[in-house]
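I opened this structure without knowing it and kept notes as I went. The entries below follow the order in which I looked things up.

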Amino acid sequence: MSSSTAQGHTTSNMNPATPATVEFVVDILLQSIREENKNAVEAMSKLGDPKIGDEMLGQVDGYVGAIKSTLDAVQRRLLDKMSALHTEHNKMIPLHRLPIEIFVLIITGALESFQTRLWTRQTHLGRLTILSQVCKRWRDVIGSTPSLWATIDIRDPAAVISTAISRSSNHSLNIIGASSSGSLKYWDNLPARWKQFENTAIMHSTRWRSIQLVVASSEDAQALMSAPAPRLQSLEVKSMAPYRVSFQGGGSIFQGTGPRLRRLAMHGLTIPWRECNLRDLQYLSISGLGEFAPSCEEFLEILRMCHTLVEVNLSLGSAATVESSKKGPPFTMTQLRSMSFRPLSPSWTSVILQTIRTPSVQYVCLELDFSSAGYLLPSIIKRARALFSTAIDSTYHLEISVWGNRLEWTCYPSDMSRRWKFDITAMNNPAVETLETLLVEKSPNRFAPESISLDFHALSDSEFSASLLKLDGVDCIRTIGAYDCELESLLTYMSGATTNYEWGLPELEDFYVYDCDYEPSRLLEMVLARYREGDVTLGGGRPPPFKDLNISHAPGEADEETLGLVEDIDPSFSTPMYPDRSGRL
C-alpha cells in the first residue's frame, strides 16, 4: 500500500491481491468443485481411454459448467461488494450528507427554470430523468419525492406524463402545453398531441398551479376557462383565433373557485375581467385581442384592480383612439416596476401615462405608431419625460437611432450598477421632427442627458442635412454612427462652423461609418479641418481627438494620407488596410 498527503488530506492507492493469493483462492474453489462433482473428475482421469462414451463427455462438460457458475458467483459477490463500497463512498460526499429535505430543495431549484420552459429546449421531466441516473441515492430520493414530478410538458411521451401525474400524488401541477421555447405570445403553431394533452390537463384542473397552453378553438378556450381551478396562480393562454370567453345561464369563470392569480397572460383571448381575483396579480400581459380588446377605460379599471402589479405588457396595435377626458381619476401603482406598451396607439399611451402614478418604475418600453397622431408627439415626450424623472437619481446616457420616419431612443444610467432603462420608439413620424421635439425644444420636459450616441440608418443627403440642423447647440453628442447613408452633409457639418459658430459635433469622440456613400477626400478634409495645426478661429477651441474611428465597407481603398493622419492624431491607433471594400480604421 502506498499513500500520499496533500493539503492535509491522506489518499491511499490500494493494491490488488497478490498472484499467489489468487492462485490459492482458485485452488480452494477447484477443490470444492471436485468434491461436489466426483463422477466428472473420475471421467477426466480417463480421457485417454478409447472406451469413453458420450455420458462421460457430458460429465466433463458439466464440470466446466460448474467452474463457470462458480466464476459467475464470485464475480457477483465482488460486484456486490463494489456496489456497497460505492454506496458508502456516496454517503460520505458532502452533498449527500445533507438532510433529504435540503437535498430536494437543491434539485427543485436546479429544475425551476424548466417549470416554465421560456428559453430551454429540454423538458422538466427529461432533466429529472437524467438526474435520477446519477446514482442510486439520487434515483431513490427523486422517485420518492412527489413534488419533483409535478410539472408535465406536452413534449414528454404520454407514458412519462402518466407516470409523473401518478408519482406527483396530490401536489399542485405545472402544465406546459406548447411545442417550442420562448414567450407564449409568439407561439403560432398547435403542438402535436395537443388535444390529448389538453384533455389530460383539464381532468386535473383542481391541481393546477400554473398553466401555459395554446388552444385551437373557442370551444377549447371555453372548456379551459370553465374548469374548476382553486389552486391556480399562473395562467397563460394563447388562442389561435381571437375569442371572448362568456358564461350563460349562471356559469362563471373557473366555476367560481376564485383562484388568486399572480401571473396572467391573455393572448388572443378576452375573459370577464371583473370576475377574476386580481388583487395579488404581479404580472399582466395582454395582446392580440382584435375586436375583443377592452377599451382604454376598461384597461385602466383592470389596472385599478391590480394592487400589487409589478410588470405590465400591453400590445394592442389596432386599439381605437381614446379621448383624454375619459381617463378617470388618477391612481398610484406603488409596486409597478416595468411597463411595456408595444405596439400601442399614442392616444392610449398618453391617457395611461396621465392617469397612473408609478413611483417605483425602473423599465419603460413604448412602441408608438404616429401615422395619424403626430400631433400627440410633444405630449407623449412630455409625459415620458415626467415619468422618466421619477426613476432618475443619477446622470444618464441617451442612445438615439434615426431612420427616415422612425426614431428610437433609449435612456439608461451612466452608472451601470443602477438598474433602470427607458426604451421608446416613434414610428411613422418624420424622424427630424421627433429629434427636434426630443432634444432641441426649449422646454423643461426635453431630455437633457450627460452624453448622447446617435445612429443614422439609410438616410439620403437631404434627410441627413435636415437632421443635423437640429443638433446645433447640443454639445453632449459623444458618438455618431452612420449606416448605409450619404455622408456629404455630415462631413461638411463636422468640418466647420455651425449656426452657433462652434464646430459641428464639438464633443464627438467616436465615429463609425459602415457602407456609406462619400468621397474619401471629404473624409480627409474633415479630419484636417478639425485637427491640423494652425489658428483656431471657431469658439470652444479644437474638438477632442477621436478615441475610436471605424470605417468599414469604404468606397474604394482607404487613402494612405488619411490613415497616416489618423495615426498622428492617436499614435496607438491601428490602421490595417483592406482593398476589398472592407477598410477599417
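**Entry 1: strand 17.** I started with strand 17, residues 451-457, in what is a predicted model. Six of its seven residues are buried, so the strand is largely enclosed by the rest of the structure. The cut-off I applied for buried is a relative accessible area under 20%.

Next I looked up the neighbours of strand 17. On one side I found strand 14, residues 396-402, which pairs with strand 17 in the parallel sense over six bridges. Within that pairing, Leu398 has Ile452 of strand 17 as its bridge partner. Strand 18, residues 477-483, also runs parallel to strand 17, and six bridges join the two. Here I noted His457, whose bridge partner in strand 18 is Tyr483.

I then asked which helix makes a β-α-β unit with strands 17 and 18. Helix 14, residues 461-468, does, and the unit is right-handed.

The loop between strand 17 and helix 14 holds Ala458. I noted its phi, which is positive at about 50 degrees although Ala458 is not a glycine. Ala458 is partly exposed, with a relative accessible area of 45%.

**Entry 2: the whole chain.** I stepped back to take totals. The chain has 17 helices and 20 strands. It has 585 residues, of which 42% count as buried. Among contacts with a separation of 6 or more, 68% are between residues 24 or more positions apart. The chain exposes about 30,100 Å², and carbon and sulfur atoms supply 52% of that area.

**Entry 3: the core.** Which residues have the most contacts inside the largest nonpolar core? I found Ile400 and Phe511, in a core of 131 residues. I listed the contacts of Phe511, leaving aside neighbours within four places in sequence; among them are Ile480, Leu490, Leu491, Met494, Leu523 and Met526. The list also includes Phe546, Asp548, Leu549 and Asn550.

**Entry 4: strand 11.** I moved to strand 11, residues 338-344. Five of its seven residues are buried, so this strand too is largely enclosed by the rest of the structure. Strand 9, residues 311-316, runs parallel to strand 11 and is joined to it by five bridges. Strand 13 runs parallel to strand 11 as well, again with five bridges.

Leu344 turns up in both pairings: it is the bridge partner of Leu316, and it stands opposite Leu368 in strand 13.

Strand 11 also contains Pro343. I checked the peptide bond between Arg342 and Pro343 and found it cis, with omega about -10 degrees.

From there I followed a contact to Glu367, which lies in strand 13, residues 363-369. Is Glu367 buried or exposed? It is buried, with a relative accessible area of 18%, since the cut-off for buried is under 20%. Leaving aside neighbours within four places in sequence, Glu367 is in contact with Phe341, Arg342, Pro343, Leu344, Thr425 and Met427.

**Entry 5: around helix 13.** Asn428 sits in the loop between strand 16 (421-427) and helix 13. Its phi is near 55 degrees, a positive value in a residue other than glycine. Asn428 is partly exposed, with a relative accessible area of 36%.

In helix 13 itself, residues 431-440, I looked at Thr437. Thr437 is buried, with a relative accessible area of 10%. Not counting residues up to four places away in sequence, it touches Leu377, Pro378 and Ile381. I also took the distance from Thr437 to Ser379: 9.9 Å from C-alpha to C-alpha, with their positions 58 residues apart in sequence.

**Entry 6: aromatic pairs.** How many aromatic pairs does a search of the whole structure find? It finds four. I wrote down one of them, Phe299 and Trp348, which is tilted, with 6.3 Å centre to centre and 35 degrees between the planes. The pair links distant parts of the chain: Phe299 is in helix 10 (residues 296-305) and Trp348 in helix 11 (residues 346-355), 49 residues apart. Both residues, Phe299 and Trp348, are buried.

**Entry 7: helix 9.** My last look was at helix 9, residues 218-225, where the buried residues are Asp220, Ala221, Gln222, Leu224 and Met225. Their cover includes helix 8 (194-203), strand 5 (208-215), strand 6 (234-244) and strand 7 (263-270).

Conventions
Residues numbered from 1 in each chain as written. Predicted model: local features only at pLDDT ≥ 70, side-chain atom pairs only at ≥ 80, totals over all residues. Heavy atoms only, no water. Buried < 20%, exposed > 50% of the residue type's maximum accessible area, 1.4 Å probe, protein only. Helix = DSSP H or I, 4+ residues; strand = E, 2+ residues; numbered from the N terminus. Pairing = 2+ DSSP bridges. Right-handed = clockwise from strand over helix to strand, strands pointing away. Contact = heavy atoms within 4.5 Å. Areas by Shrake-Rupley, 256 points an atom, 1.4 Å probe, with all protein chains shown as cover. Core = buried A, V, L, I, M, F, W, Y, C linked by side-chain atoms within 4.5 Å. Phe/Tyr/Trp six-rings, centres within 6.5 Å; stacked < 30°, edge-to-face > 60°.
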